[in-house]
Amino acid sequence: MFGSILSTLRTTVQRLSPAATMPQTTLGGPQTQAIRGMAKLKTHKGTAKRWKAVDKGLYQRRQTGLRHKNLRLRSDIRRGKHAPVVCTEGQKWHLDRLLPY
């Protein structure tokens with residue numbers, strides 16, 4: 001007698017619980033994607049530290065090879081490495097994607 005009453009109570013509580021009435025959705029599915037909107041564009045921090053945007057949509061960076069072992073270089077080559085390097089057209093496509101803002 002008590003067994004049937006307990007089983008009836010359990011099924012009634014399960015039907016009335018809020019967890020049973022909520023729809024089962026997975027995180028990251030199409031429903032939540034529509035709620036959140038578009039994904040954020042993220043800046044590549046390593047690229048942002050090395051490249052700076054200049055006029056006309058180009059980027060420039062410092063020349064490499066100035067840290068050590070410079071005494072074997074001619075002085076005009078050493079001085080030439082102080083000038084900034086401007087990106088090429090192929091690099092510009094990649095830099096536009098890595099630095100969206």
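Leu9 is partly exposed, with a relative accessible area of 48%, in what is a predicted model. Leu9 belongs to helix 1, which covers residues 2-16. Together with Ile5 and Leu6, Leu9 forms a nonpolar patch of about 270 Å² on the surface.

That helix opens a chain whose secondary structure comprises six helices and three strands. Read from the N terminus, the elements follow the order α-α-α-α-β-β-α-β-α. The chain has 101 residues, and buried residues account for 12% of them. Its accessible surface amounts to about 9200 Å², and carbon and sulfur atoms contribute 60% of that area. Of the contacts with a separation of 6 or more, 55% join residues that lie 24 or more positions apart.

The interior may be considered next. Five residues make up the largest nonpolar core, namely Trp51, Tyr59, Cys87, Leu95 and Leu99. Trp51 illustrates how these residues come together. When residues up to four places away in sequence are not counted, Trp51 touches Tyr59, Cys87, Leu95 and Leu99 among others. The remaining partners of Trp51 on that count are Gln60, Arg61, Val85 and Gln91.

Ala53 lies in strand 1, which spans residues 52-53. Is Ala53 buried or exposed? Ala53 counts as exposed, because its relative accessibility is 62% and the threshold for that class is over 50%. Leaving aside neighbours within four places in sequence, Ala53 is in contact with Leu58 and Tyr59, and Tyr59 is one of the residues of the largest nonpolar core. Leu95, another residue of that core, is 42 residues from Ala53 along the chain, and the C-alpha atoms of the two are separated by 9.5 Å.

Helix 6 brings the account to the charged side chains. Lys92 lies in this helix and, beyond residues up to four places away in sequence, touches Gly57, Leu58 and Cys87. Leu58 is also a contact of Ala53, and Cys87 is also a contact of Trp51. Lys92 counts as buried because its relative accessible area is 18%, and the class requires a value under 20%.

Side chains of opposite charge can pair when their charged atoms come close. The structure holds two salt bridges. In one of them, the side chains of Asp96 and Lys92 meet at 2.9 Å, N to O. Which arrangement along the helix relates these two residues? Asp96 and Lys92 are four residues apart in helix 6, residues 89-98, and they are therefore separated by about one helical turn. The partners fall into separate accessibility classes: Asp96 is partly exposed, with a relative accessible area of 32%, whereas Lys92 is buried at 18%.

The other salt bridge joins the side chains of Asp76 and Arg74, with an N to O distance of 3.2 Å. Here Asp76 is partly exposed, with a relative accessible area of 39%, while Arg74 is exposed at 54%. Neither Asp76 nor Arg74 is classed as buried, whereas Lys92 in the pair with Asp96 is.

Key. Residues numbered from 1 in each chain as written. Predicted model: local features only at pLDDT ≥ 70, side-chain atom pairs only at ≥ 80, totals over all residues. Heavy atoms only, no water. Salt bridge = Lys/Arg side-chain N within 4 Å of Asp/Glu carboxyl O. Buried < 20%, exposed > 50% of the residue type's maximum accessible area, 1.4 Å probe, protein only. Patch = residues over 30% accessible without salt bridge, like charges linked within 9 Å, V, L, I, M, F, W, Y side chains within 5 Å. Areas by Shrake-Rupley, 256 points an atom, 1.4 Å probe, with all protein chains shown as cover. Contact = heavy atoms within 4.5 Å. Core = buried A, V, L, I, M, F, W, Y, C linked by side-chain atoms within 4.5 Å.
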